Amino acid sequence: MPARELPAVLVTGAAGFTGLALARSLRDSGYRVRALVRNQARTRELEDVGAEVVVGDIRDPHAVGTALTGVRTVYHLAAVFRRAGVPDSEYREVHVDATRRLVEASAAAGVGRFVHCSTVGVHGDVQLETPANEDAPLHPGDIYQVTKLEGEHMARETAERTGVPLTVVRPGPIYGPGDRRLVKLFGGIARRRFLLLGNGSPHFQMVYIDDLVEGFRLAAETPDAVGRTYIITGGEAPTLTDLVNEIAEVAQVPAPRYKLPVWPFTLAAALCEAVCIPLGIEPPIFRRRVSFFVNNRWFDTSRARNELGFVPKMRLREGIQRTLDSYRRFGWI
């Protein structure tokens, strides 16, 4: 089929780890992929996978309009990730205000499907004896999660008002080759420099990048998914102790032997934030990093399985092996 006849899709936030993986997968599947990226320096990899790149901020109506021309499906992944010195207003501008304008512009452009990427973080610490599903209580714990939840609400309200067929996806913590967000966890264990805080009993249910990308595709291509929300995670939900031990075993190092109390680190993190953040300095320790050891992330993907046919294929051990191998290959650990 000639390239001009292929269906066109737009991926926002395409220069990120997940956006690039999604763009590559869609291109391999035969779609004509347009990628909206803010940083000109991040376009090379997208061009290498055959994506058409539009450089511009998600908050720029002109860039958004250009990116939407001729597009059938939108995958909205653009987000502001947590870092020091970012005002709350910027999270809200990107996650809420820009989402509203993107849905409105999508309606004007005649977009047929819109997939909005949220996060399981909107559920906060899962205070349940069973895995949380999409209808579980929503308790976002920081400005990133709060505005991602607000963005969900805005996306739905705007889609209903404008008639855009929309689906919300809440991914679990994402991992895979080339992802930097879990380098400290994997690398700390592999280098035998990792401290386990607390009792290690909370669950930490991740999703391998290839499985997440498939979840996005299914959400966009399943007719009955319109108006629905789906949690997309991997099939295994280890406790932190089990996860740390698994990573150590794959890395062929002894597992950490000692567990330290959480409260001194929570106090130290609060003090570091109070001193560093007003100065625009990245604190050496954050309360959200400490919360990693105490928050339960345990989720039920039955809805995605039953309604989308989503079945995560990557086994945890193999995913850990591939991720560790990539970190070594890139010289990150």
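**Exercise 1. In which loop does Arg192 lie, and what is its phi?**

Start with the location: in this predicted model, Arg192 sits in the loop between helix H6 (183–190) and strand S8 (196–197). Next, check the backbone. Arg192 has a positive phi of about 60 degrees, although it is not a glycine. As background, most residues other than glycine have a negative phi. Last, look at the surroundings: with a relative accessible area of 60%, Arg192 is exposed, since the cut-off for exposed is over 50%.

Now try Gln252. This one belongs to the loop between helix H8 (240–251) and strand S11 (259–260). Phi of Gln252 is positive too, near 60 degrees, and again the residue is something other than glycine. Its relative accessibility is 73%, so Gln252 counts as exposed.

**Exercise 2. Work out which strands form the open sheet, and in what order.**

Step one is the strand order. The open sheet has 7 strands, arranged S3-S2-S1-S4-S5-S6-S10, and the pairing is parallel. Step two is the edges: strand S3 (52–55) and S10 each pair on one side only. Step three is the twist, where neighbouring strands are turned by 20 degrees against each other on average, direction ignored.

Then add a helix. H1 (residues 17–28) packs on the sheet and touches strand S1 (8–12), strand S2 (32–37) and S4. The direction of H1 makes about 170 degrees with that of S1.

Finally, zoom in on one pair. S4 (residues 73–76) and S5 are joined in the parallel sense over 4 bridges, with His76 opposite His116 in S5.

**Exercise 3. Is strand S6 buried or exposed?**

Count first: 6 of the 6 residues of S6 (residues 166–171) are buried, so the strand is largely enclosed by the rest of the structure. Now split the strand by face. In a regular strand the side chains alternate between the two faces of the sheet. Here, one side holds Leu166, Val168 and Arg170, the other Thr167, Val169 and Pro171, and all of them are buried.

What flanks S6? Strand S5 (residues 113–117) runs parallel to S6 and is joined to it by 4 bridges, with Phe114 opposite Leu166. To get from S5 to S6, the chain goes through helix H5 (residues 143–162), a right-handed β-α-β crossover. Strand S10 (residues 229–232) is also parallel to S6 and is joined by 4 bridges; here Pro171 has Ile232 as its bridge partner.

**Exercise 4. Which residues of H9 are buried, and what do they pack against?**

Begin with a length check. At 1.5 Å a residue, the 14 residues of H9 (residues 263–276) should span 20 Å, and the end C-alpha atoms are indeed 20 Å apart.

Next, the buried set: Ala269, Glu273 and Cys276. They cover an arc of only 85 degrees around the axis, so they lie on the same side of H9. The general rule helps here: an α-helix has 3.6 residues a turn, so residues three or four places apart point the same way.

Turn to the face pointing away from the buried side, and you find the exposed residues Trp263, Leu271, Ala274 and Val275. As for the packing partner, the buried residues of H9 pack against helix H10 (287–291).

One more residue to place is Thr266, which is also found in H9. Thr266 is partly exposed, with a relative accessible area of 32%. Leaving out residues up to four places away in sequence, Thr266 touches Arg287 and Val290. Thr266 and Val290 are 24 residues apart in sequence, yet 6.2 Å apart in space, C-alpha to C-alpha.

Terms used:
Residues numbered from 1 in each chain as written. Predicted model: local features only at pLDDT ≥ 70, side-chain atom pairs only at ≥ 80, totals over all residues. Heavy atoms only, no water. Helix = DSSP H or I, 4+ residues; strand = E, 2+ residues; numbered from the N terminus. Expected span 1.5 Å × (residues − 1). Buried < 20%, exposed > 50% of the residue type's maximum accessible area, 1.4 Å probe, protein only. Arc of directions from axis to C-beta. Contact = heavy atoms within 4.5 Å. Pairing = 2+ DSSP bridges. Right-handed = clockwise from strand over helix to strand, strands pointing away. Axes fitted to C-alpha atoms, helices over the stretch in contact; angles between N-to-C directions.
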